[in-house]
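Colleague: I would like to go through this model with you and ask, for each label, what lies behind it.
Modeller: Gladly; please ask for the reasoning whenever a term appears.

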Amino acid sequence: MLFKKSLLVLCVFFLFSKANAQEFKLGKVSVAELQEKEHPKDSSAVAAILFKKGETRFEYSDIEGFVMITKVQTRIKIYKKDGNEWANHEVRYYLGNKISENVLFSDAITYNLVDGKIEKSKLKSDGLFDQKINKYWGQKKIAMPNVKEGSIIEFEYTIRSKNIGSFRNWDFQTSIPVNYSEYKTYIPEYFVYNANQKGFISPKVTVEKSNGSFIINSKERTSEGSGLSAVTNTVFSSDKIDFLETRTTYLEENLPAMKEEVYVNNTDNYTSSISFELSMTKYPNQPLKMYSTDWKSVVKTIYEYDDFGPELNKTGYFENDINTLIKGLNTPEEKVAAIFNFVKTNVKWNSFKGYSCDDGVKKAYKDKTGNVAEINLMLTSMLRFAGLTADPVLISTRDNGIAFFPNRTAFNYVIAAVETPEGLILLDATEKYAEPNILPLRDINWIGRLIRKDGTSTEVDLMPKQISKVVSNVNIVLNSNGTIDGKIRRQFVNYKAFEFRKENILTAKDTYVEQLEHQNNNIEINDYSRENEVDLSKPIVEVFSFKDNKDIENINGKIYISPLLFLVTKENPFKQEVRDYPVDFGYPLQNKFNINIEIPEGYIVESMPVVMNIATAENMGSFKYVIGNSGNKIQVLITKEINVPIVSADYYEIIKTFYQQMVDKQNEKIVLKKI
């Protein structure tokens with residue numbers, strides 16, 4: 001009897017579990033899924049991937065040979081209005097003739113719960129878009145219909161690719177929670193791939209061996225008889241080829257969303273994902289063929305591309321112009337500056353990235369516009385023509401992620417470098433306000449690879465060494481009526497100057513002043529002026545007078561004021577208890593304030609903050625706060641320095657504490673009392 005009861009309970013539990021378990025199959029959306037109001041493990045989630053399943057197989061045809069087929073099925077739950085963006089999905093595909101790809105979306109449906117019943121809205125042709133990005137890449141995109149809070153969307157897409165050199169990256173994590181992510185590969189014994197995993201969460205991996213086969217069809221012509229009586233016959237035959245196939249499953253469940261944190265390079269660098277790069281082919285009765293297994297072979301392959309290396313050898317289109325430009329210039333620095341400025345001025349970037357030329361350097365020079373490769377390979381070629389040791393440097397931009405593993409797709413950008421006895425001069429002519437060794441922020445992404453003419457390559461540290469500064473001289477006059485009159489002179493150096501010019505030079509002065517007032521507690525700004533806007537060799541300087549009545553407190557006859565006024569940092573940007581990602585400041589920086597305060601007649605200093613001088617471990621940062629009083633004058637010197645561009649997550653608690661100490665000190669008040 002007890003056994004029967006136990007069996008009954010077990011059966012009921014099994015049936016209940018089966019009824020409530022999610023089926024990872026398109027078309028099997030449940031009412032319970034549609035009724036769910038928030039993600040059970042992350043109430044802040046705007047959406048969640050309920051499941052994502054993918055597989056990559058190989059098919060063989062007599063015409064194309066081996067073709068890679070990747071199929072992906074996805075189901076997404078929308079919890080909040082902000083999650084509606086997940087109703088749009090895009091897949092890129094390669095347009096090259098020899099290894100072209102095509103993408104097909106199918107089974108794209110939006111599900112909603114209407115009066116207790118499941119309502120389906122199928123994707124129609126007006127929600128499917130095919131866009132050409134450039135001559136190499138196209139993009140298929142879907143915009144799902146009838147999406148709102150509570151909707152579930154699902155779709156499938158298939159990529160058919162002749163490019164067996166690398167798989168599409170499989171990301172297990174993303175910016176929303178992922179309940180279930182599964183990726184399977186079916187790889188014939190003829191191919192060996194390097195599988196590269198990154199992220200803090202590793203998938204569960206299972207490997208199985210199985211037998212596979214494909215058919216090779218052939219035809220043979222034979223002749224019977226001779227002379228005019230000869231008869232030609234065509235004999236068709238089929239051969240079945242058996243092979244061993246490796247089936248690998250990568251599985252992860254209940255993955256948290258990748259949360260954005262301050263001072264993070266690119267969260268994709270730390271996302272759990274896997275990528276594959278072909279390292280070897282071993283076809284029957286043929287010798288082994290090795291592919292990109294290290295950086296040396298990767299860069300050699302790229303350099304030999306028709307739209308890369310050969311473009312560096314073209315000089316006829318610019319020789320007369322460069323000869324005229326460098327006439328009378330003697331030092332390498334003069335030549336670098338002149339040629340760099342010439343390219344920046346004469347050829348505009350069309351916003352396309354990549355290390356391959358599109359229409360070529362000659363056409364870009366003629367049309368005065370080109371992609372990254374055309375501009376910076378042209379620059380490299382001109383520098384070589386001028387007698388300088390110049391070479392291209394392959395990099396991966398911040399939005400593309402860090403190039404962790406040797407493969408041709410790790411890079412998506414190219415800049416120029418000039419070798420000098422003092423070190424490398426790095427150049428990117430796509431940005432008008434860039435300077436030698438002041439690259440656009442998108443380029444500053446750990447490590448690049450310099451390729452020399454002889455085919456050798458070397459690692460290049462892209463992270464800036466020189467310190468970038470903002471130096472502010474502030475004169476403040478405190479009025480007894482609770483108002484402040486002041487004047488500020490700010491100087492921006494290196495990256496701070498580059499960023500200021502890029503963000504603000506094209507903005508009308510009146511508009512900029514309005515923005516500056518709004519950003520600084522709605523102060524009133526007068527007499528605004530700016531120096532060295534276009535002279536990149538000098539720091540950019542801005543000067544303005546201001547009136548302020550919000551950053552001073554008058555309580556019971558006493559005046560309370562922070563020396564930094566509206567420039568004070570009010571809260572610590574580092575709020576997380578723990579952090580998984582490195583802290584990426586981009587470049588070493590210094591903020592320095594020289595402050596002179598004139599106190600109103602009839603008042604004296606009752607109390608002031610005490611002096612502070614602190615530094616972190618490993619000399620990552622330092623903070624100095626010096627204050628003094630003489631008569632009716634108060635002088636304050638505040639200096640904050642971050643000496644390294646990247647701080648390991650291991651030092652997060654140190655940086656967090658360091659910032660909290662700075663914030664607390666900056667917010668301390670000077671107290672004045674009436675005599």
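**Reasons behind the labels**

Modeller: Let us start with helix H10, keeping in mind that the model is predicted: the buried residues of H10 are covered by elements that include strand S24 (484–493), helix H9 (495–504), strand S25 (524–531) and strand S26 (540–548).

Colleague: Which residues of helix H10 are buried, and how do you know that they lie on the same side?
Modeller: In helix H10, which spans residues 509–519, the buried residues are Tyr512, Val513, Leu516 and Glu517. They cover an arc of only 140 degrees around the axis, and therefore they are on the same side of H10. The face turned away from that buried side carries the exposed residues Asp510, Glu514, His518 and Gln519. After H10 comes Asn521, whose phi is positive, near 60 degrees.

Colleague: Why is the pair of Phe318 and Phe385 called edge-to-face?
Modeller: By the rule for rings, the count comes to 44 aromatic pairs. The ring centres of Phe318 and Phe385 are 5.6 Å apart and their planes stand at 80 degrees; rings pair if their centres lie within 6.5 Å, and planes over 60 degrees apart count as edge-to-face, so this pair is edge-to-face. The pair links distant parts of the chain, since Phe318 lies in the loop between helix H4 (309–312) and helix H5 (319–326), while Phe385 belongs to helix H8 (residues 372–385), 67 residues apart.

Colleague: Is Phe318 buried or exposed, and what is Phe385 called?
Modeller: Buried means under 20% relative accessible area, and Phe318 has 1%, so Phe318 is buried. Phe385 has 28%, and because partly exposed is the term between 20% and 50%, Phe385 is partly exposed.

Colleague: What makes the pair of Phe585 and Tyr659 stacked?
Modeller: Their ring centres are 6.3 Å apart and their planes are at 10 degrees; planes under 30 degrees apart count as stacked, so the pair is stacked. Phe585 lies in the loop between strand S29 (583–584) and strand S30 (589–598), and Tyr659 lies in helix H11 (residues 652–666), so the pair ties together parts that are 74 residues apart in sequence. Both Phe585 and Tyr659 are buried.

Colleague: How do you know that Leu565 is buried, and what is Tyr263 called?
Modeller: Leu565 has a relative accessible area of 4%, which is under the 20% cut-off, so Leu565 is buried; Tyr263, with 32%, falls between the cut-offs and is therefore partly exposed. Phi of Leu565 is near 50 degrees, a positive value in a residue other than glycine, and Tyr263, which is not a glycine, has a positive phi of about 55 degrees. Leu565 lies in the loop between S28 and S29, whereas Tyr263 lies in the loop between strand S13 (231–255) and strand S14 (273–281).

Colleague: Which strands are the edge strands of the open sheet of 4 strands?
Modeller: That sheet has the order S27-S28-S36-S31, with antiparallel pairing. Its edge strands are S27 (552–555) and S31 (603–607), each of which pairs on one side only. Strand S28 (residues 558–561) and strand S36 (residues 670–674) pair in the antiparallel sense over 3 bridges, and Leu672 in S36 is the bridge partner of Ile559.

How values were computed
Residues numbered from 1 in each chain as written. Predicted model: local features only at pLDDT ≥ 70, side-chain atom pairs only at ≥ 80, totals over all residues. Heavy atoms only, no water. Pairing = 2+ DSSP bridges. Helix = DSSP H or I, 4+ residues; strand = E, 2+ residues; numbered from the N terminus. Phe/Tyr/Trp six-rings, centres within 6.5 Å; stacked < 30°, edge-to-face > 60°. Buried < 20%, exposed > 50% of the residue type's maximum accessible area, 1.4 Å probe, protein only. Arc of directions from axis to C-beta. Contact = heavy atoms within 4.5 Å.
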